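I'm opening a fresh notebook page for this one. Below are my entries, in the order I looked things up.

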Amino acid sequence: MQNGKKGIRIRQDVWKLSNEDPWHPVLLWYARAVAAMQGRAITDPTSWRYQAAIHEHFPANDPLAVSGETLPSLSEQATFWTQCQHDSWFFFPFHRAYLLYFERIVAEAVRQLGGPADWALPYWNYSDATNKDARRLPPAFYASTLPDGTTNPLRIYKQTLGTETDIPRSPNANKGLDIATASDVDLSCLLKPQFASSSIGGQVGFGGPRTWFNHNNGHAGACESRPHGTMHVAVGGPKGWMSSSFTTAGLDPLFWVHHCNIDRLWEVWLRRSANANPGEPGWRSILTMYFHDADGKAVGVKSEQLADTTAPLLGYEYEDVSDPFPGVVTPAAPDPGAVPEMVGATSAPIVLGASRVTVQFATTAPLGPAAKSPSPSVHLNLENITAAEGPTESYLVYVNLPAGIGPEDRPDLEAGIIPLFGVVEASREDRGHRGDGLHYSIDVTSLLRTAEWNPNSLQVTFVPHERPGVDRAGVGVKTVTVGRVSLYYS
Amino acid sequence: MRWQLAFWRHPEWWSLVLSAAAWLAIAAAALTPGGHADHAHGGHEAAPSLVALNWLNMTSAMMFPMLIAPVRFVAARSLWRMRNRAIVLFLAGYCAVWLGYGVAVETLVTPQRGESRLFLALTFLVAAAWQWTPLKKSGLRRCHRTAPLAPAGIRASLDCLRYGLTIGGNCWLSCWALMLVCAAAGHSLWAMIPATAVIWMERAWPNQLRGLAWRLAGRQIELAR
Ligand SMILES: [Cu+2]
């Protein structure tokens, strides 16, 4: 099944496997292993629920919680649970290690069930322009049963109590229809010349801001915003496991094939021109992340051990890491020490609901170091985005969209998207969240270089993002508050 | 030019200079027999200005280095020409919280303790116990919470001041008991150094530190005997 170098597993494209056979052995064995892991107690580090709790565990949000059940000790929870790194330059290394040990646990379950010895996690390339089905789920993830007629654990979660529930997903997901728009799967994050960025925003890198251990506080990196965040929300829909909560995300078997693609995009990015991982010890070696291996033993890893996927510890390669932007030159990397300078902002919070909202604010020319830069970059900063309760949906952000003109008529003015993955949790002060919401920075340098912009003021328009099959009013989408919108030069 | 760029990149630089100066003043007092750090040991009340000075010193020495992130935040979130003013207003709001607490402690609590070393030991116990409470953890989590700041006008100034008060309040929730220990020890250098170490460590290893807190408390009680 796999034909890589000796000892190297190949992570394959899930749609190519599915087109060969909807129940390709890689998918069938994944399903069987998931069922086995779902049957294990939550105290077992190799159980399905324990693996999801590594991302985040919050008993009140756990749809599978059973009152009175035994959980791991508090000190074990403190070390291994609620560890996922978001809004941080540890986003990529953390999730790479998380996926690696998950894959080993699944592969061990596959072996125990009599499957092949070289099982590897497949990836879901929803941005594949050559595949008309790219933005749909492969059938194995929504079929009701396995070929032998038993319940399909890739669609249905069989609770320990014996009752069956569908995994909540976007309405179109389990119908095999498109769940996302072209905007959701946009890969312009790959054109970012730098990995790291300022933790205060005003700039954005491919990998995320320089932080210490950071569960979910601060600015998201470019790839973490899109396609990572957008596809979380697209799969889950307004209410689903993958979108609504960090706690439930890992319970959906799609989470892992989604993150496998995000991990692949890191490889794609690294292969582009002069791109490189951070060299600072603050990224490479300061933080140790803890997981469990397939035998249930605890292991600790650092970012620098995770940089090469063919190293013995990792031992995998992707089937395809070709560049989706061949010939497109990455712009020169900005000075890593550039000081972002705020040149204007809104002064009151903005409430986003079901209709389009436009704000305008005064802007000035930069006065600090950005004034001396021959070609400063310009970023829109969206700060302190909060929501008291879900469900919420994403918004597209436009700059200087003329009043009375539909966003669909001026796609060239679309600056980006705010996916709002995890917004309710980020607004609640608990479990490593400090409660000040989500933050995004969007590069608008080339957008504002047009003649249309009067540099003394900026107009920003939020347009509700309509995803196929999602009935916003029907599910009662709640409002979201943007604390401040500002413009930065750096 | 290189210096200027360093100052631009690190708008918090002068708050760290103030912190260092405060440590020097405290160390000088500790190493001078009969210095002001021993003011309260006689059991008589200290002058209000001395109380304020002691608390201001203690706050800037111990806490300003913990404020690098919020100070950088207010600077970066403000218009270029208002960056330093924003930092001043933020620190003023922050210090106001600790000064208010300091006055309350020195007028209500410290005069009651007399000569008793047991009182000091008791504050250690309270501080160690506080480390375990959910409120303490909540305060710690909120220490670096951010808030939207208006860009211009009086609203910008008020927002910076209010942000200082908010962060000061969160920080107080996290550290009031530790600071009580320092006050009970007469703002002694030998209480402030371990307390500062605790504050630094709990940021990096909040879970591991709680166990250590008990051990530290036990050791301090032994020392107090
Ligand atoms: Cu994710």
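**Where the two chains meet**

My first lookup was polar contacts: across the interface of chain B and chain A I get 11 residue pairs, both partners at pLDDT 80 or more. I should jot down right away that this is a predicted model.

Next I asked which elements chain B brings to its side of the contact. Those giving two or more residues are α1 (2-9), α4 (68-76), α7 (134-142) and α9 (189-204) of chain B. I sorted the residues on that side by class too, and they split into 11 nonpolar, 5 polar and 9 charged.

How many salt bridges are there between chain B and chain A? I count 1. I went looking for the partners and found the side chains of Glu383(A) and Arg77(B), with 3.3 Å from N to O.

Then I checked the extent of the contact. Chain B puts in 25 residues and chain A puts in 34. Between them the chains bury about 2400 Å², with 56% of that on carbon and sulfur atoms. Within chain B, the residues losing the most area to chain A are Arg77(B), Trp80(B) and Arg141(B), which together make up 29% of what that side buries. So Arg77(B) turns up twice on my page: it is also the chain B partner in the salt bridge with Glu383(A).

**The second largest pocket**

I moved on to open space. The second largest pocket has a volume of about 1200 Å³, and I list 48 residues in its lining. Nearest its centre I find Lys192(A), Ser377(A), His379(A), Asp443(A) and Thr445(A).

Which elements each supply at least two residues of this lining? From chain A I noted α6 (222-236), β15 (414-418) and β16 (438-443), and from chain B I noted α1. That α1 was already on my page, as one of the elements on the side of chain B that touches chain A. By class, the pocket lining comes out as 23 nonpolar, 16 polar and 9 charged residues.

**The second largest cavity**

Last, I looked for enclosed space. I find 7 cavities of 30 Å³ or more in the structure, and I picked the second largest, with about 90 Å³ of space.

Its lining has 14 residues, and Asp87(A), Ala220(A), Glu224(A), Phe421(A) and Tyr440(A) lie nearest the centre. Here α6 and β16 of chain A each supply at least two lining residues, and α6(A) gives the most, with 4. I had both elements down for the pocket lining as well. My class tally for the cavity lining is 6 nonpolar, 6 polar and 2 charged.

Notes. Residues numbered from 1 in each chain as written. Chains lettered and ligands numbered in written order. Predicted model: local features only at pLDDT ≥ 70, side-chain atom pairs only at ≥ 80, totals over all residues. Heavy atoms only, no water. Contact = heavy atoms within 4.5 Å. Buried area = accessible area lost by both parts, 1.4 Å probe. Salt bridge = Lys/Arg side-chain N within 4 Å of Asp/Glu carboxyl O. Polar contact = N/O pair within 3.5 Å; in protein donor to acceptor, adjacent residues only side chain to side chain. Nonpolar A, V, L, I, M, F, W, Y, C, P; charged D, E, K, R; others polar. 1 Å grid on protein atoms, 1.4 Å probe; cavity = no way out; pocket = protein on both sides within 12 Å on 5 of 7 lines; lining within 4 Å. Points joined across faces, edges and corners; volume = space filled by probe spheres on them.
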